[in-house]
Amino acid sequence: SSSLSTEKRSVISAVFSGWSTLSMCRSVVLRFIGNSVKVGRLELHEEPSSAACEERDVAVYAFGESEKDAFDHGSPIVRLRVVSPLDFYMRIMTAADIGLSEAYIHGDFEMMPKCPL
């Protein structure tokens, strides 16, 4: 199945009662990424989640250097479109690098095309 087990979601929800599962997973993963990306730029373009009943535009979370600095230094600029936010963040939070691989395999995110400055 492309989505995470109900049992895994229940355990995570019980641990962080009072937070929505998506908000909690997003917060943990974004904090980790923010502390990890030092060179280049990583952007997560998060599509609104139907599971979260959110009425909003695409949210963009950026990490590392500014776009201009990354370009000036020849550093990589990577843009990911997160199409299934809950599964994406939960997989990474519960299984780190293997979770990121699983998220890619299951289509939770995709690479965005390069855009010239």
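In this predicted model, Val 29 lies in helix α2. The residue has a relative accessibility of 3% and therefore counts as buried, the limit for that class being under 20%. When residues up to four places away in sequence are set aside, Val 29 touches Tyr 89, Ile 92 and Met 93. Ala 96 is separated from Val 29 by 67 residues in sequence, yet the C-alpha atoms of the two lie 9.1 Å apart in space.

Tyr 89 also appears in the largest nonpolar core, which has 18 residues. Ile 33, Leu 42, Leu 44, Phe 63, Phe 88, Tyr 89 and Phe 109 are the members with the most contacts inside this core. At least two core residues are supplied by each of α2 (21-36), β1 (41-46), β3 and α4 (85-105). In soluble globular proteins, nonpolar side chains tend to be buried together. For Leu 44, the contacts beyond four places in sequence comprise Leu 30, Ile 33, Ala 59, Val 60, Tyr 61, Phe 63, Leu 80, Val 82, Phe 88 and Tyr 89.

A polar residue was examined next. Ser 75 is located in the loop that runs between α3 (67-73) and β3 (77-82). With a relative accessible area of 15%, Ser 75 is buried. Its side chain makes a polar contact, at 3.0 Å, with the side chain of Glu 65. Glu 65 is also among the residues that Ser 75 touches when those up to four places away in sequence are not counted, together with Val 39, Gly 40 and Ala 70.

Note on methods. Residues numbered from 1 in each chain as written. Predicted model: local features only at pLDDT ≥ 70, side-chain atom pairs only at ≥ 80, totals over all residues. Heavy atoms only, no water. Helix = DSSP H or I, 4+ residues; strand = E, 2+ residues; numbered from the N terminus. Buried < 20%, exposed > 50% of the residue type's maximum accessible area, 1.4 Å probe, protein only. Polar contact = N/O pair within 3.5 Å; in protein donor to acceptor, adjacent residues only side chain to side chain. Contact = heavy atoms within 4.5 Å. Core = buried A, V, L, I, M, F, W, Y, C linked by side-chain atoms within 4.5 Å.
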